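Student: Please take a close look at the charged side chains, above all those that pair in salt bridges. I would also like to know where the residues around them sit.

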Amino acid sequence: MSSTDNIRNFCIIAHIDHGKSTLADRMIQLTHTVEDRDFRDQILDDMDLERERGITIKSHPVTMNYKALDGQLYKFNLIDTPGHVDFTYEVSRSMAACEGALLVVDAAQGVEAQTVANVYLAMDNGLEIIPVINKIDLPNADIEGVAHQIEDILAIEVDLDLCVSAKSGECIEKVLEAVVKRMPPPKPLSMDPEKTRALVFDSVYDAYRGVVTYVRIREGQLKEGDDIIFMGSDVTSKIKEIGIFAPKPVSTGVLNGGDVGYIVGTIKDPSEISIGDTVTLSKYPATERLTGFQEIHPMVFSGLYPVDTSEYEKFRQSLDKLRLNDAAFSFHPENSTALGFGFRCGFLGLLHMEVIQERLKREFDMDVISTHPAVIYKILTKKGDTLEFDNPVNYPDPSTIEQIQEPIIKAMIICNNEHIGDILKLVMDRRGEVTKTDSLDSNRVILTAKLPLNEILIDFHDTLKSISRGYASMDYEYEGYEISDIVKLDMLLNGEGVDAFSTMVHRDKARTRGKQICKALKEAIPPHQFAIPVQATINCNIIARETIRPFRKDVTAKLYGGDVTRKQKLLKKQKKGKKRMKQFGDVNVPSKAFIAVLKTS
């Protein structure tokens, strides 16, 4: 199949839990890509974490051969994408390897926030979008209502023949036929092997084969034995194996223009590959790199430290391998007086942070402690300099600060009419404001709000789901910086500062937050031989306090009667000892205390 006319490269996009992976399962079954005995549900979700949570975390490519009704054989290169807002970067990378997208919308839930965001992303990439209404077998499915929503909100024409049930397999063949007829074939700039260029859209690390690179051939041809060069990093390699995903890697020996597949070379160091790079032949090197995809930078930062400090080097290597597989994740070394040596890590959001920690534990057997998540603040000093910091430890002397700016996001919240009041209150409680309200249909509205990013980090999404009984959905994008009255909240244990518990908060919320952290630490830190004051301070002013009561050792147990002064003498001696111990004693902070602080909301 040398002609690109019979190739279709497309991805599946949708809001979380609208049935992307299930639709991919049915398409794989219908095209007989996987034998029935080897098939399992969510076959493209190869991480245990994905299968347990029922969410897609990584994009997964697969090549399928489909014999259409016109009698011709077509090659489908499908990429299943995540639906959660934290993994938008995965979606944008997948789109860079495609010409079209299947937009899946739940017939019962209709258009959601992430549906709109993904459609705009697909339009920006110039993809052909085919809407598919899924879950038509549900008793509360509203096919016509959802079709009107897609046409009114997204301005995309809906073909009611493409109403399917991915679970039962109903009408899936019509979707495959629509892909053949409506998706454009790839148009390589050239089929000449001397003009070979391929886009790196993902990569993974294999302990036995080294770095496995996922590529989309834009022009030319790559085959086994070719000497290649990565134009961005100037790294050279020889192709030892090249092939497609079906859905497991299958060696084909060659990839032509328009194909999507993988390369196994001689590269063993994960840091030598960068996502979005261009691969070309060493013999006939290209002069220009391919345009990649939208760069998305981390928005949330947290310190990660190994529980066992002797595993620092293993921890660094684990992060290197994760970084290869997740280009939106970043890290650099830092150290803390309380936690030792670790790394300052950047994430796209809190779910992204949670997934990275879980993957470290499962894939690399690493137990880690995380500090409180933070965002990047900008400081304008009185000298006119602009500083950026994401770690409270780097907060400068308050007397040198002219103003502090914090990042702001624009949130799009879709909810039922009955929940508008509660959601408006939630937004105002988080120092935000609703700037626009649009009616979606007779029962739902779209609220556009401006919020500080710092206020949605911990539990905003959970609270939103709780007050809307699960019906509200949210997507957000970075808006810029605004001046704000942000202060550094320090925590003292026995009079000594613990930098791992320091956090940046708005002045109006500092006292409440200080009380919460003090209370959490009081419950999480076990009693010592002496009383431990837990204090929250701003610029050395104490704003909240709790006391961890000491153990009471009964030093009078050996006395059997006698004068009361004997008892008082022993207690007085103990009191002096405790006072001395308080001066020199160390406070042991267990790892659960750091988790307890994270969970305070």
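Tutor: What follows goes through the salt bridges, then a charged patch, two helices and a few backbone angles. This is a predicted model, in which local features need pLDDT of at least 70 and side-chain atom pairs count only at pLDDT 80 or more, while totals for chains, interfaces and linings use all residues. Residues are numbered from 1 along each chain as its sequence is written, and side-chain values use heavy atoms, with hydrogens and water left out.

Side chains of opposite charge can pair when their charged atoms come close. The rule for a salt bridge is a side-chain nitrogen of Lys or Arg within 4 Å of a carboxyl oxygen of Asp or Glu. By this rule there are 24 salt bridges.

One of them joins Lys 238 to Asp 227, at 3.3 Å from N to O. This pair links distant parts of the chain: Asp 227 lies in strand β9 (residues 227–230) and Lys 238 in strand β10 (residues 235–238), eleven residues apart. Helices and strands here are DSSP runs numbered from the N terminus, a helix being H or I over at least four residues and a strand being E over at least two. For burial, the cut-offs are under 20% relative accessible area for buried, over 50% for exposed, and partly exposed in between (1.4 Å probe, protein chains only). Lys 238 is partly exposed at 39% relative accessibility, and Asp 227 is partly exposed at 39% too.

Helix α7 (residues 312–325) contains Glu 313 and Arg 316, which form a salt bridge with the closest N and O atoms 2.3 Å apart. These two residues are three apart in the helix, so about one helical turn separates them. Arg 316 also forms a salt bridge with Asp 320, where the closest N and O atoms are 3.1 Å apart. Here the spacing is four residues in α7, which again means about one helical turn. An α-helix has 3.6 residues a turn, so residues three or four places apart point the same way. Glu 313 has a relative accessibility of 38% and counts as partly exposed. Arg 316, at 28%, is partly exposed, and Asp 320, at 22%, is partly exposed as well. Elsewhere, salt bridges with shared partners join Glu 406, Arg 431, Glu 455 and Lys 509 into one network.

Arg 431 deserves a further note on its backbone. Its phi is near 65°, a positive value in a residue other than glycine. Arg 431 sits in the loop between α9 (420–429) and β23 (433–439), and is partly exposed, with a relative accessible area of 24%.

Next come charges without a salt bridge. Glu 151, Asp 152, Glu 157, Asp 159 and Asp 161 gather in a patch of negative charge on the surface. A patch is made of residues with over 30% relative accessible area and no salt bridge, like charges being joined within 9 Å and nonpolar side chains (Val, Leu, Ile, Met, Phe, Trp, Tyr) within 5 Å. Lys and Arg count as positive and Asp and Glu as negative, while His and the chain ends are not counted. Glu 151 lies in helix α5 (residues 143–154) and is partly exposed, at 33% relative accessible area. Ala 155 is in the loop between α5 and α6 (172–182). Its phi is near 60°, positive although the residue is not glycine, and Ala 155 is exposed, with a relative accessible area of 66%.

A buried acid gives a contrast. Asp 277, in the loop between β14 (260–264) and β15 (278–281), is buried, with a relative accessible area of 0%. Asp 277 and Asp 202 lie 75 residues apart in sequence and 9.8 Å apart in space, C-alpha to C-alpha.

Two helices complete the picture. The expected span of a helix is 1.5 Å times one less than its number of residues. Helix α4 (residues 113–124) has twelve residues and reaches 17 Å from first to last C-alpha, close to the expected 16 Å. Nine of its twelve residues are buried, so α4 is largely enclosed by the rest of the structure; among them are Gln 114, Asn 118 and Leu 121. Just after α4, Gly 126 has a positive phi of about 70°. Helix α8 (residues 350–364) has 15 residues and should span 21 Å, which agrees with the 21 Å between its end C-alpha atoms. Its buried residues include His 352, Arg 359 and Phe 364. Asp 365 follows α8 and has a positive phi, near 55°.

Key: Areas by Shrake-Rupley, 256 points an atom, 1.4 Å probe, with all protein chains shown as cover. Charge placed at Lys NZ, Arg CZ, Asp CG, Glu CD.
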